[in-house]
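Work through these exercises with the model open beside you. Try each task before you read its solution.

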Amino acid sequence: MHPVSSDGLTKLTRLLDSAGEGMAFPQAEMAAKANAALSSLVLVMAAEAIACMSVENGMPWGKSYALTAQAMMETASLLLEKGVHPAQLKDMICQPGSVGVNVLRALERAHLRAAMIDACKSAYAQAAPHPTHQEESV
């Protein structure tokens, strides 16, 4: 991985800060940071699927997207502002016989968590620094 220039770091920090709270990462963590940030975009696909299901059940598209986005923002707020662990969130919504526990079970049957982990591992392997190969002299 190539070092970032001071000017490049300033521009990147400004860009990240414009999208929310920017965090500084040491060079050694940049591949993991990029992987986490970009892999999180998978949630956009999840939001679209959730909205589509709501439309299928009679909700207009606009309301469906707004409701889905709001639920995702509130969940992110619990993680970021309140420090709630994702496992705690799962326990909060997965009460016996609840819709939440039934949704989670369906996702587990589809191996969604394992597929997401595999996708993130694949993305990290691509983003991780690779040792440079020097040409052998003859």
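**Exercise 1. Place Met116: which helix holds this residue, and how exposed is Met116?**

Solution. This is a predicted model.
Step 1. Find Met116 in the sequence. Met116 belongs to helix H7.
Step 2. Check the accessibility. Met116 has a relative accessibility of 34%. Partly exposed covers the range between 20% and 50%. Met116 therefore counts as partly exposed.
Step 3. Look at its surroundings on the surface. Met116 is part of a nonpolar surface patch of about 690 Å². The other members are Val42, Leu43, Met45, Val99, Val103, Leu107 and Leu112.
Step 4. Ask where the patch comes from. H3, H6 and H7 each give at least two residues to the nonpolar patch.

**Exercise 2. Test the length of helix H3: what should its 15 residues span?**

Solution.
Step 1. Take the residues of H3, which are 42-56.
Step 2. Use 1.5 Å a residue, counting one less than the number of residues. The expected span is 21 Å.
Step 3. Compare with the model. The end C-alpha atoms of H3 are 21 Å apart, so the two values agree.
Step 4. See what follows the helix. Gly58 comes after H3 and has a positive phi, near 105 degrees.

**Exercise 3. Sort the residues of H3: which are buried, and where do they lie around the axis?**

Solution.
Step 1. List the buried residues of H3. They are Ala47, Ala51 and Ser54.
Step 2. Look down the axis of H3. The buried residues fall within an arc of 55 degrees, so they line one face of the helix.
Step 3. Turn to the other side of H3. Met45 and Glu56 are exposed there.
Step 4. Find the cover. Helix H4 (61-80) is included in what covers the buried residues of H3.
Step 5. Take one buried residue, Ser54, which sits in helix H3. Its relative accessibility is 11%. Buried means under 20%, so the label fits.
Step 6. Name its contacts. Leaving out residues up to four places away in sequence, Ser54 touches Met59 and Ser64.

**Exercise 4. Find the salt bridges: how many are there?**

Solution.
Step 1. Recall the principle. Side chains of opposite charge can pair when their charged atoms come close.
Step 2. Apply the cut-off. A side-chain nitrogen of Lys or Arg must be within 4 Å of a carboxyl oxygen of Asp or Glu. The count is 2 salt bridges.
Step 3. Take one pair. Lys90 and Asp91 meet through their side chains, at 3.2 Å from N to O. Lys90 is partly exposed at 38%. Asp91 is partly exposed at 47%.
Step 4. Take another pair. Arg105 bridges to Glu108, with the closest N and O atoms 3.8 Å apart. Both residues are in helix H6, 3 residues apart, about one turn of the helix. Arg105 is partly exposed at 42%. Glu108 is partly exposed at 43%.

**Exercise 5. Examine His111: is its phi positive or negative, and is His111 buried or exposed?**

Solution.
Step 1. Recall the usual case. Most residues other than glycine have a negative phi.
Step 2. Read the angle. The phi of His111 is near 60 degrees, a positive value in a residue that is not glycine.
Step 3. Locate the residue. His111 lies in the loop between helix H6 (99-109) and helix H7 (112-127).
Step 4. Check the accessibility. His111 has a relative accessible area of 55%, so this residue is exposed.

Methods. Residues are numbered from 1 along each chain as its sequence is written. This is a predicted model: local features need pLDDT of at least 70, side-chain atom pairs count only at pLDDT 80 or more; totals for chains, interfaces and linings use all residues. Side-chain values use heavy atoms; hydrogens and water are left out. Helices (H or I, at least four residues) and strands (E, at least two) are DSSP runs, numbered from the N terminus. Buried means under 20% relative accessible area, exposed over 50%, partly exposed in between (1.4 Å probe, protein chains only). The arc is that of the directions from the helix axis to the C-beta atoms. Contact means heavy atoms within 4.5 Å. Patches are made of residues with over 30% relative accessible area and no salt bridge: like charges are joined within 9 Å, nonpolar side chains (Val, Leu, Ile, Met, Phe, Trp, Tyr) within 5 Å. Accessible areas come from the Shrake-Rupley method with a 1.4 Å probe; for residues, only the protein chains shown count as cover.
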